[in-house]
Amino acid sequence: MPSPRYAVFGHPVAHSLSPRIHAAFGRQTGIAIDYTAIDAAPSAFTEALTAFATSGGTGANVTLPLKEAAFALADTQSERAQRVGAVNTLVRRGATWHGDNTDGAGLVRDLTDRHGLDLRGRRTLLIGAGGAARGVAGALLEAGVDGLTIVNRTPERADALADALGEPGRVHPRYLERVGEAGEFDLIVNATSAGRAGTVPALPRALVGMRTAAVDLNYGEASVPFLAWARAHGVRDAIDGLGMLVEQAAESFALWHGVRPETDAVFASLQSRNVALVSAD
Ligand code: NDP
């Protein structure tokens with residue numbers, strides 16, 4: 001019987017911090033972890049996951065652009081994964097894969113516990129409708145935000161995400177070009193990958209109010225364009241995605257090993273060299 005293996009699948013994935021984070025959690029909890037990064041193009045993902053399972057694969061993280069494919073491949077899915085049709089964590093159960101999504105719980109824990117934000121009652125704008133946006137949308141609603149407006153470069157995907165969330169009274173898809181008509185938001189979450197190309201979607205100043213918090217799921221260089229836009233428009237809080245990355249990893253670790261690691265030390269050590277990081281999870 002091969003020894004248990006863990007991995008993050010993505011494309012590209014070479015810059016992923018997940019192997020380092022899980023190794024640190026393993027040292028902290030005294031659990032020996034074999035966790036690697038596996039590059040798999042979407043067309044090769046099924047085969048790569050099968051080979052991984054055969055060689056002892058017991059748990060996997062899944063990142064860009066494979067989260068929706070992982071949902072389709074999973075034999076069973078948690079309710080929070082089903083709600084949004086995206087999986088970032090796979091757990092081997094016998095001969096099957098169980099799919100879960102820890103992105104949303106990770107974001108909410110970072111914003112509330114680490115940054116002390118009360119999300120309840122916040123008018124919230126979510127920019128993006130890809131795997132990450134899908135992961136966080138349900139958790140933001142559960143955390144009590146007051147209405148969730150979703151915009152995306154491809155509007156049909158914003159519509160599809162809004163439909164999947166199944167709360168038409170609280171979730172409002174809009175055209176990105178017309179988002180300025182929606183007024184101010186208390187929480188603006190950038191869940192696009194535009195920052196990886198050094199850009200930010202065109203957003204009007206009218207979105208920012210007195211207590212707006214701006215959150216980019218990207219971290220390192222990829223978070224610079226959006227957070228620069230946010231600071232230039234006077235947001236009260238500007239938060240990157242590094243804390244979410246560590247928290248979603250801790251949630252995955254707990255699913256696999258039954259222990260939730262302490263995250264502050266790992267976050268602090270990554271943050272000290274954050275500027276040089278490239279978002280990859
Ligand atoms: P996807 O490829 O699934 O989705 C990308 C999203 O970005 C889509 O909504 C896409 O719009 C939009 N987009 C891409 N380029 C542009 C652009 N130039 N202008 C406007 N919109 C654009 O990626 P994910 O959702 O998985 O990831 C999004 C980002 O979040 C990534 O950069 C990733 O690193 C980060 N992330 C961070 C995590 C963390 O723990 N901190 C966890 C997960 C992700 P369209 O639909 O029109 O293509």
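The turns below ask how statements about this predicted model and its ligand are reached.

User: What makes arginine 157 a polar contact of the ligand?

Analyst: A polar side-chain atom of arginine 157 lies 2.7 Å from an oxygen atom of the ligand. A polar contact is a pair of N or O atoms within 3.5 Å, so this pair counts.

User: Which atoms of serine 193 and leucine 245 come into it, backbone or side-chain?

Analyst: Backbone atoms. For serine 193, a backbone N or O atom is 3.0 Å from an oxygen atom of the ligand. For leucine 245, a polar backbone atom is 3.4 Å from a ligand oxygen atom. The cut-off is 3.5 Å, so both pairs pass as polar contacts.

User: How do you know how much of the ligand the protein buries?

Analyst: The ligand taken alone exposes 930 Å², and the protein buries 87% of that area.

User: What makes a residue part of the surroundings of the ligand, and how many are there?

Analyst: A residue is counted if one of its heavy atoms lies within 4 Å of the ligand. There are 28 such residues, and the closest are Ala132, Asn152, Thr154, Arg157 and Asn218. By class, this shell holds 10 nonpolar, 12 polar and six charged residues.

User: Which pocket does the ligand take up?

Analyst: The space taken by the ligand is the largest pocket.

User: Which elements give two or more residues to the shell?

Analyst: They are α6 (131-142) and α9 (242-257). The most comes from α9, with three residues.

User: Which domains does the shell draw at least three residues from?

Analyst: It draws at least three from each of domain 1 (5-102 + 246-272) and domain 2 (104-242).

User: Away from the ligand, what is the peptide bond from histidine 11 to proline 12, cis or trans?

Analyst: The bond is cis, with omega near 5 degrees. Proline 12 lies in the loop between β1 (5-10) and α1 (18-29).

User: Where does proline 65 lie, and what is the omega of the bond from leucine 64?

Analyst: Proline 65 is in the loop between β3 (57-62) and α3 (67-73). The bond from leucine 64 to proline 65 is cis, with omega near 0 degrees. Most peptide bonds are trans.

Key: Residues are numbered from 1 along each chain as its sequence is written. This is a predicted model: local features need pLDDT of at least 70, side-chain atom pairs count only at pLDDT 80 or more; totals for chains, interfaces and linings use all residues. Side-chain values use heavy atoms; hydrogens and water are left out. A polar contact is a pair of N or O atoms within 3.5 Å; within protein, one must be able to donate a hydrogen and the other to accept it, and residues adjacent in sequence count only if both atoms are side-chain atoms. Accessible areas come from the Shrake-Rupley method with a 1.4 Å probe; for residues, only the protein chains shown count as cover. On a 1 Å grid over the protein atoms alone, a cavity is a set of points where a 1.4 Å probe fits but cannot get out, and a pocket is an open set with protein on both sides within 12 Å along at least five of seven lines; lining residues have an atom within 4 Å of a point. A molecule sits in a cavity or pocket if more than half of its atoms lie within 2 Å of its grid points. Helices (H or I, at least four residues) and strands (E, at least two) are DSSP runs, numbered from the N terminus. Ala, Val, Leu, Ile, Met, Phe, Trp, Tyr, Cys and Pro count as nonpolar, Asp, Glu, Lys and Arg as charged, and the others, Gly among them, as polar. Domain bounds come from an automatic or database domain assignment.
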